Amino acid sequence: MTSATLVPRLRTDLAAAHFSVPGLTGLWGIDADAALRRNQRVPAQRALAVLAAKLGRNEPAATLARLFLLGDAVPRADLDAALPTLGAVGAAELGLVAADGSADVCPLVDLRPYSFIDAHGAGSWWIVSDLGELALGHPLGETHVLGIGGASRTLSGLMMPTAVERALDIGTGCGIQAMHASRHAEQVVATDISVRALELAALNAELNEIDNIEFRFGSLFEPVAGERFDHIISNPPFVITPRAEGVPSYEYRDGGMVGDALVEAVVRGAADHLTPGGVVQLLGNWEYHDETDAFERLERWLTPGALDAWIIEREVQTPGEYAETWIRDGGTRPGPDFDRLYNAWLNDFEARGVGRVGFGYLLLRLPDAASTLGAAPGLRRLERLPDALGHNPAGLGAHLAECLAAHDWQAATDDARLLRTNLTVASDVTEERHYWPGQSDPTLMTLHQGSGFGRSVPLDTALAGLVGACDGDLAVGAIIGALAQLLDADEPALAAELLPKVRALLVDGFLTFPDPV
Ligand SMILES: C[S@@+](CC[C@H](N)C(=O)[O-])C[C@H]1O[C@@H](n2cnc3c(N)ncnc32)[C@H](O)[C@@H]1O
């Protein structure tokens, strides 16, 4: 039978089994869920055994979870019951299980439900990937196709939901970013250098009835030579790996280049593949060489003047911390082999003068000369935000899009027009005041952003007064005029002091500008 016949059967059976994120939590409880996130399956195995003993049978979702999440072999009869229209034979034909005629079947892939909320609402999919370390019981192979990990969720949460015609996902793996992009792009191209990744990604798209993704084989921008996209996303294999004998090179996390050259290649290549106004969003690592700030290197990667850039560094690691993270990620435990790899990483960093490694988010945009806002000065923002983010249940993508729009609007708006504009405080903004005991005037005032990047901004009396009056009814100029009277200040001087702060609050999403009519 063809996959066109088998995949709908699989879909029907998974839905009928309630093989969903809440369904699994309902089977084994939140503690087992948490243990699985720590890569421990024993609590889930025990909970399922207790449930089977209590019910006197195996629930279909429990059979599927044991097989595809926990990596246990299950009786063929149980799988036939759990997948009544596909059957164990169909699952074997799809490459999901090894059914060699024995009484038990073994998993060949990881298949699990995945749920999310984005700007379009809540959704859930089933995702097939290669079996993880927990199921395999040994380190991953170098051609492993990754399921949905922390980095995948970070990038999908960052993805701007702006409706576009064409999107590109470089290094699609199991296809997760392309699938998310399919929700706001009419057409998506997804690429990878792994044939197996492309096969699994295509299976995931079909299983979840997503039909606007085209899968192409090839490295970085090669499969899309001469083409341009409105939105490029990539969770590239950015992990810095020593090029030394005996150091494994995992396709899913390491593009085979030296240092951070792969991230540099994506950054440098982006301008030729974006439409005017088009955006590329990626995750990356970058090296701090000798005494040089990594942001200086990042600046050099950006073709001078060609791309707008907003780069956010979230974390910096020492060479030792970095080596430990990625050696553990590869499944190697402390011991002689761990030490050998540790030395290889430190040798590589030492030889190339790397003192630190940064991790973060990159958002680059090809300026649009034809924009209705005119030729606004470009965006070049490289910042360090190591702290906790705000509360963003639907991800940060919409916030990023709003901040970009606010940047463009304020850059195209001169001070005279800004003074005539009615601004509004964003709904997630709160003000915190501290007082010396017995005093009626605050000694410290801070504005807090509840969502987005969870930024905080110190306030002085004038700025606090201005922000407090921004309810959309009064123009900025009128508020400054009233404040000048109240504070006995020179109005033009107060405006000159406050307007740059107002612009900064707009760009960061504390204040919002009126929709253009
Ligand atoms: C970190 S995984 C990301 C998978 C998925 N996009 C996600 O977000 O979970 C990186 C992917 O890039 C692929 N890859 C490695 N080198 C590549 C290259 N030179 N060009 C395109 N893809 C590459 C790997 O096979 C892997 O599937």
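Q: Which of the 16 residues around the ligand come nearest?
A: Bear in mind that this is a predicted model, where local features need pLDDT of at least 70, side-chain atom pairs count only at pLDDT 80 or more, and totals for chains, interfaces and linings use all residues. Residues are numbered from 1 along each chain as its sequence is written, and side-chain values use heavy atoms, with hydrogens and water left out. A residue is near the ligand if one of its heavy atoms lies within 4 Å of it. The nearest ones are Ser152, Gly171, Asp192, Leu220 and Tyr252.

Q: Which residue has a polar side-chain atom 2.9 Å from an oxygen atom of the ligand?
A: Ser219 also puts a polar side-chain atom 2.9 Å from the ligand, but its partner there is a nitrogen atom. For the oxygen atom, the residue is Asn235.

Q: How much area is buried between domain 2 and domain 3?
A: The domain assignment, automatic or from a database, puts domain 2 at 144–389 and domain 3 at 406–512. Buried area is the accessible area (1.4 Å probe) that two parts lose on being put together, summed over both. Carbon and sulfur atoms give 62% of it here, and the total is about 990 Å².

Q: Which residue forms a salt bridge with Asp508?
A: A salt bridge takes a side-chain nitrogen of Lys or Arg within 4 Å of a carboxyl oxygen of Asp or Glu, and three turn up across the interface of domain 2 and domain 3. With the closest N and O atoms 2.6 Å apart, the partner of Asp508 is Arg381.

Conventions. A polar contact is a pair of N or O atoms within 3.5 Å; within protein, one must be able to donate a hydrogen and the other to accept it, and residues adjacent in sequence count only if both atoms are side-chain atoms.
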